[in-house]
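Q: I would like a close look at one part of this protein. Please walk me through the strands there, how they pair, and what surrounds them.

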Amino acid sequence: MGFCSESLIPVKNDEGKCGFMNRWTKNIDIDFQWKEASMFSEGLAAVQSFENKKLGYINKQGEVVIPFAWKKARDFQNGLALVTRSKKFLWWDKWVYINKKGEIVKELTIGKEKDPYFMRNARRLDNGHYLVAHYGGKRVTEYDKKGRIVWEAPIPGGAHSVARLKNGHTVVAV
């Protein structure tokens with residue numbers, strides 16, 4: 001959604017393996033060895049293992065610093081990353097925040113238990129609230145730290161992604 005300030009970007013070769021290319025020198029700085037890879041955030045990137053098909057995190061030297069234990073893994077933001085062992089985006093699945101050591105620091109409780117609407121995207125806001133795109137529920141919801149609804153807006157067709165802009169407005173991709 002924004003300008004990429006990281007020097008290493010994920011690339012995929014003809015064999016379907018991901019590595020990281022230095023965007024300035026065009027050299028492959030981290031060899032092709034992952035099934036999938038995300039952008040680096042706060043010095044770490046989520047990568048998927050071919051062996052167990054789970055996600056872990058590597059540093060900019062390509063070293064695994066958080067083991068492959070997660071089915072879904074988000075970027076680090078303010079020192080924490082949102083991860084789950086479930087392969088679905090359902091709020092009744094156990095979502096947790098991990099720190100850069102891979103330690104679980106907080107369990108995330110959002111919305112109603114057994115909410116039938118799966119989410120496509122969730123972001124932790126600077127104020128500690130969570131902004132969630134509920135695709136199946138065709139809505140965007142902001143939750144407070146305790147999982148209570150702060151506000152909600154219907155999104156015809158369903159929200160794929162949501163982000164809070166610096167000016168306080170919310171942008172939604174449908």
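In which sense do strand E6 and strand E7 pair, and over how many bridges? Please go on from there to the sheet that follows and to the charged pairs.

A: This is a predicted model. Strand E6 covers residues 55-58 and strand E7 covers residues 64-70. The two pair in the antiparallel sense, over three bridges. One bridge can be named: Tyr 57 has Ile 66 in E7 as its partner. E6 and E7 make a hairpin, with five residues between them. Gly 62 sits in that turn, and its phi is positive, about 85°.

Next comes the open sheet. Four strands build it, in the order E8-E9-E10-E11, with antiparallel pairing. Its edge strands are E8 (72-73) and E11 (104-108), and each of these pairs on one side only. In general, strands of a sheet pair through backbone hydrogen bonds, either parallel or antiparallel.

Start at the E8 edge. Lys 72 belongs to strand E8. Its relative accessible area is 25%, so Lys 72 counts as partly exposed; the buried class ends at 20%. Lys 72 also has a neighbor from another stretch of the chain to consider: Lys 54. The two lysines are 18 residues apart in sequence, and their C-alpha atoms are 8.0 Å apart in space.

Move inward to E9 and E10. Strand E9 spans residues 81-84, and four bridges join it to E10 in an antiparallel arrangement. Across this pairing, Thr 84 stands opposite Trp 95 in E10.

E10 also pairs with E11. Strand E10 runs over residues 95-98, and its antiparallel pairing with E11 has four bridges. Val 96 stands opposite Glu 107 in E11. Tyr 97 has Lys 106 as its bridge partner in E11. E10 and E11 form a hairpin too, and five residues lie between them. Gly 102 is in the turn, with a positive phi of about 85°.

What about the side chains of E10? Both faces of this strand are covered. Trp 95 and Tyr 97 are on one side, Val 96 and Ile 98 are on the other, and all are buried. Put that together with the pairing. Trp 95 is buried and stands opposite Thr 84. Val 96 is buried on the other face and stands opposite Glu 107.

The loop after E10 leads to the charged pairs. In general, side chains of opposite charge can pair when their charged atoms come close. Lys 100 and Glu 42 meet through their side chains in a salt bridge, at 3.6 Å from N to O. This pair links distant parts of the chain. Lys 100 is in the loop between E10 and E11, Glu 42 is in the loop between E4 and strand E5 (45-48), and 58 residues separate them. Lys 100 has a relative accessible area of 36%, so it is partly exposed. Glu 42, at 33%, is partly exposed as well.

The count for the protein comes to five salt bridges. Another of them joins Lys 12 to Glu 36, with the closest N and O atoms 3.2 Å apart. This pair, too, links distant parts of the chain: Lys 12 lies in strand E1 (residues 8-12), Glu 36 lies in strand E4 (residues 36-37), and they are 24 residues apart. Lys 12 is partly exposed, at 47% relative accessible area. Glu 36 is partly exposed at 38%.

A further salt bridge brings together the side chains of Glu 152 and Arg 139, at 2.8 Å from N to O. Glu 152 is in strand E15 (residues 149-154) and Arg 139 is in strand E14 (residues 139-143), so the pair ties together parts that are 13 residues apart in sequence. The two ends fall into separate classes. Glu 152 has a relative accessibility of 40% and counts as partly exposed. Arg 139 has 11%, under the 20% limit, and therefore counts as buried.

Last, the setting. The secondary structure of the protein consists of 17 strands and zero helices. The protein has 174 residues, and 41% of them count as buried. Take the contacts between residues at least 6 apart in sequence: 26% of these join residues at least 24 apart. The exposed area of the protein is about 9,900 Å², and carbon and sulfur atoms supply 50% of it.

Conventions. Residues numbered from 1 in each chain as written. Predicted model: local features only at pLDDT ≥ 70, side-chain atom pairs only at ≥ 80, totals over all residues. Heavy atoms only, no water. Pairing = 2+ DSSP bridges. Buried < 20%, exposed > 50% of the residue type's maximum accessible area, 1.4 Å probe, protein only. Contact = heavy atoms within 4.5 Å. Areas by Shrake-Rupley, 256 points an atom, 1.4 Å probe, with all protein chains shown as cover. Salt bridge = Lys/Arg side-chain N within 4 Å of Asp/Glu carboxyl O.
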